[in-house]
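Trainee: Could we go through some labels and check each one against its cut-off?
Mentor: Sure, let's pull up the model.

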Amino acid sequence: MATKVATMLQLPYESTDSSSKSSVGHSQTPKKSAIKTSPLKLLDPGRSKLTTVETKRIVSVLDEAIFKVELISLISHITEFLDDLSTILGSELMGTLKEHERLSNNMEALLTQLQREGLKQEDGRGDLVGTEEQIRHLQLHQQAVKSSIRNILRLFQADPLASQAVRDEAYARDLSFEIFIKGLSEFRGFLLEKLLTSPLEEQEKVQFMEEISLRDKKNTETIAALEAELATAIQSRDNEIMKMNAAIRDLKSHLLHLEKSSESHIQRTKQEAEKLQKGELRISQAKCAKIQQDIHQLRAQLNVLIIDNRDSELALRKKKYKVEMEIENWIQKYDADMGEKQTEFEEVDAVYTEEKAQLAELKEKYAVLEQEYSQIKEERRRSQEKKERAERELAIMVRAATHIQAFWKGYLVRSLLKSKRKKKGKGKKSKK
């Protein structure tokens, strides 16, 4: 319902900055300082950010328009689920939205009533045709709904959390609004690209597109030539396939002839095999009779061997009993010896435990002594290093003193020589 009212009202776009400027000037484009690495970068804007105030205002105006359209498209959904969003919207927004819902319902009722009374809408520009009083009454309601929408947008701009929560309900937006918002976003991207592109870059893009079109034309001609070659190759391949199909048909007929001749050969082979089978059957029956006689003879020999083996088994059983008795005696003797060994082992184990305890005590004492020894060794090393450092410093100081004394002696000698030269010079002058 609110969607229908908003569509009919055709709300004008509002902006605080758009009325002040009507023309946009591009900033002067600097000369190219480097060659682009990729030809595709010519299609990208030369700058990543807007530099002039006018261009920034234009983009901000479009962003604000998209923001308002997104909110207006969800007003009907918000009014339907107003109670669920009461904690996010706040009391002032809740009151304004309820008032807008009331005005929208009144507007809808008024439209229905006026349409019943004869108010019509022309197909050309969408103007309403009716009495002056009906149109004036409708315009008053339109102004009230427009003011309500302006108040709602103002409150949403003052409350970013509420506006973000409402924009998160984008799934409930009507498809026509989605298409309109998508068109605005695409227009913003196109306009931003135009604003970021200088005239020189635009000229370079045009030249680049012309080169691309020429290349595309050449590629099209090459593709046509290749397609002609491909058609020729396909034709030759089809001819070869036809030849191969004819050869296959000849082979099939030859195989059919071979199959017929092989059937007669198989029948002759079967007859010969049946004759051989009968002969082999008679031979196998004679062999079976002979084998049966051999089985009877072997069974008689087996009975004789069983009787002989029973006597030998009895003798072996007696021998086994005697061996078992000897093993039993050896086991008893082994148990007695192992008892003695176990007693001896326990005594040795007790001695070992005691010596192990003594060894642990000695290890503890050794650890303490080793720690003390390491400390003494470390102290000796430090004292030795300190002594060596002092000796090195003393040697350096002695060497430095020797150098200083040598320099000082040289200085004294030179000063004495200078003084003597000056005295000789004065003596010579006085004699003259």
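Mentor: What follows is a round of questions about how the labels are earned.

Mentor: Ground rules: this is a predicted model, where local features need pLDDT of at least 70, side-chain atom pairs count only at pLDDT 80 or more, and totals for chains, interfaces and linings use all residues. Residues are numbered from 1 along each chain as its sequence is written, and side-chain values use heavy atoms, with hydrogens and water left out.

Trainee: What is the pattern of the protein, read along the sequence?

Mentor: The pattern reads α-α-α-α-α-β-β-α-α-α-α, that is, nine helices and two strands. Those are DSSP runs numbered from the N terminus: H or I with at least four residues for helices, E with at least two for strands.

Trainee: Why is H100 called buried?

Mentor: Buried means under 20% relative accessible area, exposed means over 50%, and partly exposed is in between (1.4 Å probe, protein chains only). H100 has 3%, so it is buried. H100 is found in helix α5, residues 91-117. Across the protein, 17% of the 432 residues count as buried.

Trainee: What is H100 in contact with, leaving aside its neighbours within four places in sequence?

Mentor: Contact means heavy atoms within 4.5 Å. By that rule H100 is in contact with I75, V145, S148, I149 and I152. Take I149: H100 and I149 are 49 residues apart in sequence, yet 7.2 Å apart in space, C-alpha to C-alpha. In the protein, residues 24 or more positions apart account for 80% of the contacts with a separation of 6 or more.

Trainee: What makes R188 and D63 a salt bridge?

Mentor: The term asks for a side-chain nitrogen of Lys or Arg within 4 Å of a carboxyl oxygen of Asp or Glu. R188 and D63 come in at 2.3 Å, N to O, so the pair qualifies under the 4 Å limit. This pair links distant parts of the chain, with R188 in helix α8 (residues 175-196) and D63 in helix α2 (residues 53-73), 125 residues apart. R188 is partly exposed at 24%, and D63 is partly exposed at 32%. The structure holds eight salt bridges.

Trainee: How do you know that R237 forms a salt bridge with D238?

Mentor: Their closest N and O atoms are 3.6 Å apart, so that pair also passes the 4 Å test.

Trainee: Where do E385 and R381 lie?

Mentor: Both lie in helix α9, four residues apart, about one turn of the helix. Their side chains meet in a salt bridge at 2.5 Å, N to O. E385 and R381 also belong to a network of salt bridges with E378 and R382.

Trainee: Why is I327 partly exposed?

Mentor: I327 has a relative accessible area of 44%, so it sits between the two limits and counts as partly exposed. I327 is in helix α9 and forms a nonpolar surface patch with V323 and I331, about 230 Å² of accessible area together. Patches take residues with over 30% relative accessible area and no salt bridge, joining like charges within 9 Å and nonpolar side chains (Val, Leu, Ile, Met, Phe, Trp, Tyr) within 5 Å. Areas are Shrake-Rupley with a 1.4 Å probe, and for residues only the protein chains shown count as cover.

Trainee: Is R421 buried or exposed?

Mentor: R421 has 64%, so it is exposed. R421 is in helix α9, residues 199-431, and belongs to a positive surface patch with R414, K418, K420, K422, K423 and K424. Lys and Arg count as positive and Asp and Glu as negative, while His and the chain ends are not counted; a charge is placed at NZ of Lys, CZ of Arg, CG of Asp or CD of Glu.
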